[in-house]
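Colleague: I would like to go through this structure with you, one step after another. Could you show it to me before we begin?

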Amino acid sequence: MHRSFRLVAVLLAFLAFPFAAARAQLTIEIVGGAGTAIPIAIVPFAGESAFPLGISGVVAADLNRSAMFKMVSPDAVVPRPVKADDVQPDAWRARGADAVVVGSMQPLPDGRVEVRFALVDVVKKTTLAAVTYTVAPPQFRATAHKIADVIYEKLTGDPGVFSTRIAYITKSGPRYQLLVADADGSDPQTIVTSNEPLLSPRWAPDGTRIAYVSFEAKKPVVYVQNLATGGRQAVANFRGSNSSPAWSPDGRRLAVTLTKDGGSQLYIMNADGSNAQRVMTSGAIDTEAHFMPDGQSILFTSDRGGSPQVYRLNLGSGAVERLTFDGTYNVSPRPFPDGKGFAFVRRDGGRFQIASQDFASRQVQVLTNGPGDESPSIAPNGKLILYANEVGGRGILAAVSSDGRIKQRLVAPASDVREPAWGPYARP
Amino acid sequence: MKKIVFAALVAAFLVGCASTPTEAPVEDKSSSADPAATASTGASTSGTTTAGIGGTATGANPLKDPNNILSKRSIYFEFDSFAVSDQYKPVIEAHAKYLAANRNARVALQGHADERGSREYNIALGQKRADAVKRMMTLLGVQETIVETVSFGEEKPKNLGHDEASWAENRRVDIVYAGE
């Protein structure tokens with residue numbers, strides 16, 4: 001089923017995609033992909049040329065960018081199939097495709113459009129998916145991402161993340177902005193603008209709010225902002241520094257690092273900032289808490305052993321376990337959604353790299369080369385890790401697959417981009 | 001390696017000193033005091049006026065007199081370290097003395113880190129540096145409640161360069177009086 005391919009040169013996935021040119025928008029380049037890719041043909045949808053933004057181009061761009069697929073040109077096959085029944089498997093097999101996507105866009109009297117699509121496995125000669133959506137034109141892009149998610153899940157076995165959003169921070173001159181965009185970088189929306197640094201955006205599990213750190217009060221203060229209304233609240237504004245927010249899996253509590261009682265220590269509070277309770281007392285730095293997916297323990301960074309290392313605190317028993325031992329700088333732990341391991345930042349010589357570690361085997365896999373990689377954020381399907389790559393003071397975002405084989409670069413023209421946060425599946 | 005670090009520290013210290021006068025406008029027009037005398041007697045000669053609060057200071061403001069040790073506002077640290085080096089003890093002692101004599105003064109100790117590594121961990125590192133300076137001040141008799149330690153992590157570098165000499169200037173604690 002799989003054919004190996006390698007992208008030797010930088011592939012500008014968005015060159016084929018005419019609507020990517022908005023200002024300050026991130027564009028995604030695949031800078032390395034290795035191993036298996038599923039050959040797939042995306043046939044232009046019948047009737048889509050009547051609309052300024054079709055569906056099939058966005059679907060193809062999504063799948064292409066994931067580097068899990070190899071695009072097979074549908075051009076030589078005439079007439080173009082529209083429905084699953086029209087697909088002649090042998091003709092597509094002869095062109096090297098394992099799967100074919102067909103579809104149509106049909107205007108309705110009320111101004112909405114009926115979007116139909118089907119995914120056909122031409123090897124097994126079966127229809128893997130056939131879905132009809134009735135949508136208004138502003139939802140075309142979102143519909144295309146949904147279709148790409150269905151295709152990705154049917155063919156790889158993992159849920160797609162094309163419909164999710166990402167948050168990140170840009171710095172242009174003295175101005176900092178917190179932005180939210182679609183996972184493909186399109187439709188960036190500014191959520192916060194400040195003349196002081198912004199840091200550590202963290203999505204609430206329901207996707208309705210983002211917690212972040214702002215220095216606008218000449219010290220770090222943690223805010224929670226509602227994305228729909230723009231309203232926000234300072235949830236941790238104690239004496240000293242307030243930083244590193246992390247949501248509990250149920251979205252009702254936040255772990256934060258506070259210094260109000262001396263030293264950087266971990267607290268858990270309600271999401272409205274009430275009832276901050278210290279979870280542990282140490283004479284060392286404890287920070288960068290992240291809840292495990294089951295909410296029963298947190299991963300955090302501490303220098304209690306003499307150098308910054310990753311630890312796990314069991315919230316029920318209070319037991320603390322050191323997890324990293326290799327090297328003198330292992331920080332920023334982020335649990336994978338399956339709870340089986342975590343991504344983190346390690347220093348190797350002077351290089352900062354993204355790595356992952358398995359809880360059971362303690363096996364460490366180094367995923368990136370550095371030199372300035374930081375702030376990992378894992379996609380909700382656990383397959384991609386978004387991170388910041390700082391070179392010579394200018395930051396870009398990059399992504400690496402959790403097996404280390406696929407690398408992408410997210411490029412924003414003329415600004416310094418950092419602190420990425422991958423949003424949840426939930427999209428209100 | 002040690003030599004390089006030391007040289008960098010010295011360089012950072014010198015740059016820090018040199019850049020101090022640009023940080024705050026000097027408004028000691030009435031000052032005719034011998035700078036050495038001012039420095040040696042510390043802040044007690046400045047009486048009850050305190051910097052910034054109410055903006056009613058008359059006469060020399062020792063905090064802004066470039067010849068006064070109180071105008072030195074930065075303490076520099078080695079990589080991954082929060083130990084206050086001996087060379088900065090006179091500066092901290094002078095500020096402790098000033099705070100003891102000026103009961104209305106409030107001060108923020110703003111910790112900073114260089115750009116390497118995790119931004120959040122660097123906030124904690126900057127905090128630990130600020131806390132170390134505060135500990136020295138409280139041991140010298142400064143009331144705990146008038147000193148707030150905060151951290152900017154790597155977010156507010158003094159030097160925008162990306163080499164060891166630049167980083168040495170960014171691993172610091174800045175002493176900032178309320179109203180400044």
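**Two helices and an interface**

Modeller: In this predicted model, the axes of helix α1 (residues 56-65) of chain A and helix α3 (residues 140-156) of chain A come within 8 Å and cross at roughly 45°.

Colleague: Is α1(A) parallel or oblique to α3(A)?

Modeller: The two axes cross at roughly 45°, and angles under 35 degrees would count as roughly parallel, whereas 65 to 115 would count as roughly perpendicular. The crossing falls in neither range, and therefore the relation of α1(A) to α3(A) is oblique.

Colleague: Which residues of α1(A) make the contact with α3(A)?

Modeller: On the side of α3(A), the contact involves A:Arg141, A:Ala144, A:His145, A:Ile147, A:Ala148, A:Ile151 and A:Tyr152. By class, the contact holds eight nonpolar, one polar and two charged residues. From α1(A), the residues that take part are A:Val58, A:Val59, A:Asp62 and A:Leu63.

Colleague: How many of the 17 residues of α3(A) are buried?

Modeller: A residue counts as buried if 20 or more other C-beta atoms lie within 10 Å of its own, and those of α3(A) that qualify include A:Phe140, A:Lys146 and A:Leu155. The buried residues pack against β4 (36-42), α1, β6 (99-107), β7 (113-121) and β8 (126-135) of chain A. The helix is mostly covered, and the number of buried residues is twelve.

Colleague: How many residues of chain B are in contact with chain A?

Modeller: Chain A brings 31 residues to this contact, dividing into ten nonpolar, 16 polar and five charged. Strands of chain A that each supply at least two of them include β12 (198-203) and β28 (373-378). On the side of chain B, the number of residues is 18.

Notes
Residues numbered from 1 in each chain as written. Chains lettered and ligands numbered in written order. Predicted model: local features only at pLDDT ≥ 70, side-chain atom pairs only at ≥ 80, totals over all residues. Axes fitted to C-alpha atoms, helices over the stretch in contact; angles between N-to-C directions. Helix = DSSP H or I, 4+ residues; strand = E, 2+ residues; numbered from the N terminus. Parallel < 35°, antiparallel > 145°, perpendicular 65-115°, else oblique. Contact = placed C-beta atoms within 7 Å. Nonpolar A, V, L, I, M, F, W, Y, C, P; charged D, E, K, R; others polar.
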